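Student: I am new to this structure and would like a close look at a single part of it. Please take one charged residue in a strand and go through its surroundings, then set it against other pairs of its kind.

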Amino acid sequence: MKYAPRKVYIKESGGYVELSYTEFCRCRESDQTYMDKLFIPVQGCLLEVVREQYTDFYRDKERWRYLQKLDTKNSLLSLDGFTDSEGNPLDFIADEAADIAETVVNAVMVDRLNAALPLLSDSEQELIQAIFFDGLSEREVGARLGITQSVVNKRKARILIKLRKIIEN
């Protein structure tokens with residue numbers, strides 16, 4: 001135990017007798033039978049129990065520790081974190097329902113973008129392909145084309161303005 005318990009409850013004649021921890025320590029030093037007693041911690045106190053209760057308690061405790069370790073190792077979240085103090089579910093989980101209007105607008109914009117890309121020159125298409133579809137950095141594109149990153153950035157900005165004008169018309 002990390003701290004001294006407030007009280008100790010000993011089984012005697014069918015019931016429990018309450019002792020302070022200091023009294024329990026004195027009894028334990030003077031009476032060898034206290035050394036054989038088994039206790040479990042309950043709300044800051046020690047409670048004498050039979051061997052079966054003792055083994056069940058510590059087996060469950062060890063199982064809980066093992067599961068917590070697995071949860072931490074696998075970065076699992078507990079559903080307890082999604083409830084308030086009374087156990088009611090919290091409403092901060094994002095609504096996954098798609099907004100139909102937004103989906104339609106995005107589809108139209110993608111169609112317009114696909115129609116606009118062939119209107120670009122081959123070098124412009126190559127630059128857009130490398131940055132936005134291949135996921136290369138401006139520096140990597142510059143190295144591939146033999147130009148500096150700042151030149152790639154300026155060309156990209158001009159191309160995006162050109163695409164925006166084409167899409168808006």
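Tutor: What follows starts with the chain as a whole, then turns to Glu-48 in strand S4, and ends with other salt bridges.

The model is predicted. Its chain has six helices and four strands. Read from the N terminus, the order of elements is β-β-α-β-β-α-α-α-α-α. The chain has 169 residues, and 18% of them are buried. Its accessible surface is about 13300 Å², with 54% of that area belonging to carbon and sulfur atoms. If contacts are taken between residues at least 6 apart in sequence, 40% of them join residues at least 24 apart.

Now the strands around the chosen residue. Strand S1, residues 7-12, and strand S2, residues 15-20, run antiparallel and are joined by six bridges. Within this pairing, Ile-10 is opposite Val-17 in S2. The two strands make a hairpin with two residues between them, and Ser-13 in the turn has a positive phi of about 45 degrees. S1 is also joined to S4, by two bridges, and these two strands run parallel. Here Tyr-9 stands opposite Leu-47 in S4. As a general point, side chains in a regular strand alternate between the two faces of the sheet.

Glu-48 itself lies in S4. Is this residue buried or exposed? Its relative accessibility is 10%, so Glu-48 counts as buried, the cut-off for buried being under 20%. Leaving aside residues up to four places away in sequence, Glu-48 touches Tyr-9, Ile-10, Lys-11, Tyr-16, Lys-37, Leu-38 and Phe-39. Two of these neighbours deserve a separate word. One is Lys-11: its backbone nitrogen lies 2.7 Å from a polar atom of the Glu-48 side chain. The other is Lys-37, which forms a salt bridge with Glu-48, with 3.6 Å between the closest N and O atoms. This pair links distant parts of the chain: Glu-48 is in strand S4 (residues 45-49), while Lys-37 is in the loop between helix H1 (21-30) and strand S3 (38-42), and the two are eleven residues apart. The partners also have their own exposure values. Lys-37 has a relative accessible area of 22% and is therefore partly exposed, whereas Glu-48, at 10%, is buried.

The search of the whole structure finds six salt bridges, the Glu-48 pair being one of them. Two others can be set beside that pair. Asp-56 forms a salt bridge with Arg-59, and the closest N and O atoms are 2.4 Å apart. These residues are three apart in helix H2, which covers residues 51-73, so about one helical turn separates them. Asp-56 has a relative accessible area of 28% and is therefore partly exposed.

The next pair is Glu-62 with Arg-65, where the closest N and O atoms of the salt bridge are 3.3 Å apart. Both residues lie in helix H2, again three residues apart, or about one turn of the helix. Glu-62 is partly exposed at a relative accessible area of 45%, and Arg-65 is partly exposed at 48%.

To sum up, the salt bridge of Glu-48 and Lys-37 runs from a strand to a loop, while Asp-56 and Arg-59 sit in helix H2, as do Glu-62 and Arg-65.

Terms used
Residues are numbered from 1 along each chain as its sequence is written. This is a predicted model: local features need pLDDT of at least 70, side-chain atom pairs count only at pLDDT 80 or more; totals for chains, interfaces and linings use all residues. Side-chain values use heavy atoms; hydrogens and water are left out. A salt bridge is a side-chain nitrogen of Lys or Arg within 4 Å of a carboxyl oxygen of Asp or Glu. Buried means under 20% relative accessible area, exposed over 50%, partly exposed in between (1.4 Å probe, protein chains only). Contact means heavy atoms within 4.5 Å. Accessible areas come from the Shrake-Rupley method with a 1.4 Å probe; for residues, only the protein chains shown count as cover. Two strands pair if DSSP finds at least two bridges between them. A polar contact is a pair of N or O atoms within 3.5 Å; within protein, one must be able to donate a hydrogen and the other to accept it, and residues adjacent in sequence count only if both atoms are side-chain atoms.
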